[in-house]
Amino acid sequence: MDNKWYKDICVYQIWPRSFCDGNGDGIGDLEGVYSKLDYIKDLGVDCIWFSPLYPSPNADFGYDIADYKNIHPEYGDLELFKKVLDGAHERGIKVIMDLVVNHTSDECDWFQKSRRRIEPYTDYYIWRKGRDGGKKPPNNWLSMFEGGAWEYDEVRGEYYLHVFAKKQPDLNHDNPKVREEVKEIMKFWLDMGVDGFREDVITFISKKEGLPNGFPIPSACGMEHYINGPHIHEYLKEYREVAKQYDCFCVGEAPMMTPETALKYITEGENQELDLMFHFQHMEADCIMMDFIHVPFSLIRMKKAFTRWQNMLKGKAWNTLYIENHDHPRIISRYGSEAYRTESGKMLAAMYMLQQGTPFIYQGQEIGMTNISLPDLDMYEDVFVKNNYNVFKKIFGKKRCEHLARISTRDNARTPVQWTGGENAGFTTGKPWFYINPNYKEVNAEKEMSDPHSLLNFYKKLIRFRKENEIVLKGDYKEYYENSKNLYVYERTYNNQRMLVICSFTEKGVAFEAPKGYDLSKGVKVLGNYESEHICGNGFKTRPYEMRVYMF
Ligand code: GLC
């Protein structure tokens, strides 16, 4: 292992619209972020990842960018951004930006010129004539967010491809001018002083020549022709050349990624294209079809994913550790228990953060925010869930789909951060842009700060623990009791040290017996989510969502 700095950090993700409102207009902004830099510092993290801050019509809340080299007026301006960047750097906190270049907004100047065939923008997007004399779209692809993946544009008289929403036309990376634009965007922010990028659905940017029909599935049909497409490695190597000129790191988002394929992107050395990669496998232990269809949580499925990635990347590439972000419902509501919010929150935190890799924490995760349930589906904002609801209603019926929409919507993670038990949860002095979870009096940062046994204080302890114990960074990983449906047990070993992590995913009491070669009475319990420690023989009966970490 070398000493690349991104391996030894903990990243905090900010989804700016819901983080903190500094000017009272009900929308989170950079002034709000600035006011919370000490909070972020105090948490112990070393880096902030900003979800898009750029001007955007917000069809997909910033992931539809209209101007890549500016800040959305709702959030502030470039000067204010610089102030936040400097403020973070002064506190020893790095900052990475979201680089969303698979698509732009249809309101981006490039698209407006492209539809009018104004050079050099004519081929910036993926334009095609329709089939059957133009009446039918060019192929059968379906978008992830909104019906068919092609939209007819009256102005140009052709269809454009949008793998996501209609307002998110896909860029044509086969055009070298587009790739130059991407490099310019990277340089613009890196020259300003940012420390890297999270690259949005970056594995989608190269589409198969000829755009053949896809395998017919109800959503995202055609994806086999653009995920890890034919020129992906070539293009990413070009972008890598820019990154290499700076002391920065890039983490790519990669839906449907397997560790075998990931290694083609992130294996360390000359040919490396990305430093880190967000895969989704461990986030699919209670759902299929891109999160919408829920199935009972399977701990075995989740463990398999974590273990495979730990083992496959070992010594070759570096893992990215996360259990929440702006695209997934809150983890306590999914894999933990709202009834045991603090206990399960601590267990989940230790479970993923004690593995090898760079951990990411999503705003509100550290204070144990949970899902929201709104009475009327019209109250939700998420374009993704609206599409899925319409697609799957025909298959599963209205009632079931309403339920699925509520539990799977990304809005669960996008409610304003609950800072206090006061008005609007301390998020804004105005009218919040979105609903605040009614549990804010119980669940809020202020309360968490004042309670030494809170989840927030546990996160701080855990982050410190990672820094103070090299075994977390460098140790080998081994899983025990792979077939247990309730317990996730793994060890880390480094030099002469052994660390045993025991996590229960149930409120039931489960008899845990230490694996062969361990004598629990000789271990030191270094972390846990219950005060007292009972050992019975060489094991114990777990309490609800109990977690214990022993060092030997
Ligand atoms: C990524 C983003 C998500 C967005 C999508 C399209 O998955 O994380 O929020 O909707 O890409 O840009």
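## What packs over helix 3

The buried residues of helix 3 are covered by elements that include helix 1 (30-35), helix 2 (37-43), strand 2 (47-50), strand 3 (94-99) and helix 5 (176-192). Covering here goes by contact, meaning heavy atoms within 4.5 Å. Helices (H or I, at least four residues) and strands (E, at least two) are DSSP runs, numbered from the N terminus.

A word on the source: this is a predicted model, where local features need pLDDT of at least 70, side-chain atom pairs count only at pLDDT 80 or more, and totals for chains, interfaces and linings use all residues. Residues are numbered from 1 along each chain as its sequence is written, and side-chain values use heavy atoms, with hydrogens and water left out.

## The two sides of helix 3

So which residues of helix 3 are buried? They are Leu 80, Phe 81, Val 84, Leu 85, Gly 87 and Ala 88. Buried means under 20% relative accessible area, exposed over 50%, and partly exposed in between (1.4 Å probe, protein chains only). Looking down the axis of helix 3, you'd find its buried residues within an arc of 160 degrees, so they line one face of the helix; that arc is taken from the directions from the helix axis to the C-beta atoms. An α-helix has 3.6 residues a turn, so residues three or four places apart point the same way.

On the face turned away from the buried side of helix 3 sit the exposed residues Glu 79 and Glu 90. After helix 3 comes Gly 92, with a positive phi near 80 degrees.

## His 72, in the loop before

His 72 belongs to the loop between strand 2 and helix 3. It's buried, at a relative accessible area of 9%. Leaving aside residues up to four places away in sequence, His 72 touches Leu 53, Tyr 54, Pro 55, Ser 56 and Asn 58.

## The largest cavity

The largest cavity holds about 60 Å³ of space. A cavity is a set of points on a 1 Å grid over the protein atoms alone where a 1.4 Å probe fits but cannot get out, and lining residues have an atom within 4 Å of a point. Grid points are joined across faces, edges and corners, and the volume is the space filled by probe spheres set on the points.

Its lining is made of Asp 8, Ile 9, Cys 10, Asp 46, Ile 463, Arg 466, Lys 467 and Leu 473. Helix 14 (residues 455-468) chips in the most, with three residues.

Definitions and conventions. 1 Å grid on protein atoms, 1.4 Å probe; cavity = no way out; pocket = protein on both sides within 12 Å on 5 of 7 lines; lining within 4 Å.
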